[in-house]
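I opened this entry to keep track of what I looked up, in the order I looked it up. The sequence and structure come first, and the notes follow.

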Amino acid sequence: MRTVTLNYPMLPETAAQYAQPQVVALGQFDGLHLGHASVITSAVALAGEAGVPAAVMTFYPHPKDVMGKGDYEGYLTPSKDKQELLAGMGVELLYIIAFNEELSRVSPADFVSVMLRPLQIITAVVGFDFRFGYRGGGDADMLAELGQGAMKVETVAPFLLDGEKVSSSGIRKSLLSGDLDKANAWFGRCYHLRGVVGHGEKRGRTIGFPTANLQLEDRYVIPAKGVYAVKVFYKEDILYGVMNVGVKPTFHEGVTTPSFEVHLFDFAGDIYGQELKVELVSYIRSERKFGSIDALIAQIGADAETAKALLGYHS
């Protein structure tokens, strides 16, 4: 998959470089959940039928992040993760439009005439609730009208799971409330965090549970504080373990910034400075303060056994 960064206004020479008949899925797609996947797979299928490339056009940073609107704090799928996932979905071209205040003021008509039509898009595929242009003034019908017959528009219906519309906002709420099962079901995969192992307090090794201190490499949505059963991808290896997300109240007071401590089962390698991708498979319990170190050690041991059972892990 080729990734192309575009800026508004797109210069004619830039448009000429990428102009070709193509089918493009349009949207923010933060999360690449089952609803987003239905839009993108529709675009890939239409592109295959037409014998043209399948593309995705999205924005970075997230418009809500730039405009400071809503409760937007972090990404479900930062840019690196989004690219990795899209490449596995048959997308050949990824257009990332740099979003800024100037672009936020662009009218729907100007967006289509400057950023879409010059690329020779034959079909734009969008979700049922797609909005674009200044203050979200454009919708799928307007997009088709502005395409002037050269660009068709296909609208994909809401993706329902157990009668509920799958959405990024719903996934965020589930992650923050500890309903990981629902979040993962809506993703169609396990939510993951990616980061580099750094030096922490090294307290875990003193109580028999050494941990890797994961320093997140991007602004992920932080899930509910607590303990998780996790699957860890390290280079070519798949490892299993238990992760604590939180402020370690047994040892600290007044700390608000969470840490991410991963205890890997039956692993003793040196992974400082190495990148880990940590999939959150199951939420075990919320974080709490213990009355003694012995009580904490006993609970960590119980959490590890619970995680092993949930993961089907055997030493």
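Before naming any loop, I fix what counts as a helix or strand: helices are DSSP runs (H or I) of at least four residues and strands (E) runs of at least two, numbered from the N terminus. The model I am reading is predicted.

**Entry 1: cis peptide bonds**

I began with the backbone. The bond from tyrosine 8 to proline 9 is cis, and its omega is near -5°. I placed proline 9 in the loop between strand S1 (2-6) and helix H1 (12-18). A cis peptide bond also joins tyrosine 60 and proline 61, with omega about -5°. Proline 61 sits in the loop between S3 and helix H3 (63-67). I noted both bonds because most peptide bonds are trans.

**Entry 2: positive phi**

I then looked up phi. Most residues other than glycine have a negative value. Arginine 135 is not a glycine, yet its phi is positive, near 55°. I found arginine 135 in the loop between S5 and helix H7 (140-146). Arginine 135 has 73% relative accessibility, so I count it as exposed, the cut-off being over 50%.

Aspartate 162, also not a glycine, has a positive phi of about 55°. Its loop runs between strand S7 (160-161) and strand S8 (164-165). The relative accessible area of aspartate 162 is 79%, and I therefore list it as exposed. For a glycine with positive phi I noted residue 51, just after H2, at about 70°.

**Entry 3: helix H2**

I checked the length of helix H2 (residues 34-50) against expectation. Its 17 residues, at 1.5 Å a residue, should span 24 Å, and the end C-alpha atoms lie 24 Å apart, so the two agree. That step takes the expected span as 1.5 Å times one less than the number of residues.

Which residues of H2 are buried? I listed Gly35, His36, Ala37, Ser38, Val39, Ile40, Ala43 and Ala47. These buried residues pack against strand S2 (22-26), S3, H4, strand S5 (121-127), strand S6 (152-156) and helix H8 (168-177).

**Entry 4: helix H4**

In H4 I found Asp81, Lys82 and Leu86 buried. Viewed down the helix axis, the buried residues of H4 fall within an arc of 130°, so they line one face. Their packing partners are H2, S3, strand S4 (93-98) and strand S9 (191-198).

**Entry 5: the cavity**

I searched for enclosed space. The structure holds one cavity of 30 Å³ or more. The largest cavity contains about 70 Å³ of space.

What lines the largest cavity? I wrote down Gln28, Asp30, Thr58, Phe59, Tyr60, Tyr75, Thr77, Ser79, Lys82 and Ile96. Strand S3 (54-60) and helix H4 (79-87) each supply at least two of the lining residues. S3 gives the largest share, three residues. By type, I sorted the lining into four nonpolar, four polar and two charged residues. Two names recur from earlier entries: Tyr60 is in the lining and is joined to proline 61 by a cis bond, while Lys82 is in the lining and is among the buried residues of H4.

**Entry 6: three single residues**

I looked up valine 24 in strand S2. Its relative accessibility is 0%, so it counts as buried. Leaving out residues up to four places away in sequence, valine 24 touches Ala55, Val56, Met57, Ile121, Thr123, Ala124 and Val125. I also took a C-alpha separation: valine 24 and valine 278 are 254 residues apart in sequence and 31 Å apart in space.

Is serine 259 buried or exposed? Serine 259, in strand S13 (residues 259-264), has a relative accessible area of 15% and is therefore buried, since the limit is under 20%. With residues up to four places away in sequence set aside, serine 259 touches Asn213, Asn244, Val245, Gly246 and Lys248. Its C-alpha atom is separated by 26 Å from that of tyrosine 60, 199 residues apart along the chain.

I closed with serine 174 in helix H8. Serine 174 counts as buried because its relative accessibility is 6%. Beyond its neighbours within four places in sequence, serine 174 is in contact with Asp179, Leu180, Lys182 and Ala183.

Terms used:
Residues numbered from 1 in each chain as written. Predicted model: local features only at pLDDT ≥ 70, side-chain atom pairs only at ≥ 80, totals over all residues. Heavy atoms only, no water. 1 Å grid on protein atoms, 1.4 Å probe; cavity = no way out; pocket = protein on both sides within 12 Å on 5 of 7 lines; lining within 4 Å. Points joined across faces, edges and corners; volume = space filled by probe spheres on them. Nonpolar A, V, L, I, M, F, W, Y, C, P; charged D, E, K, R; others polar. Buried < 20%, exposed > 50% of the residue type's maximum accessible area, 1.4 Å probe, protein only. Contact = heavy atoms within 4.5 Å. Arc of directions from axis to C-beta.
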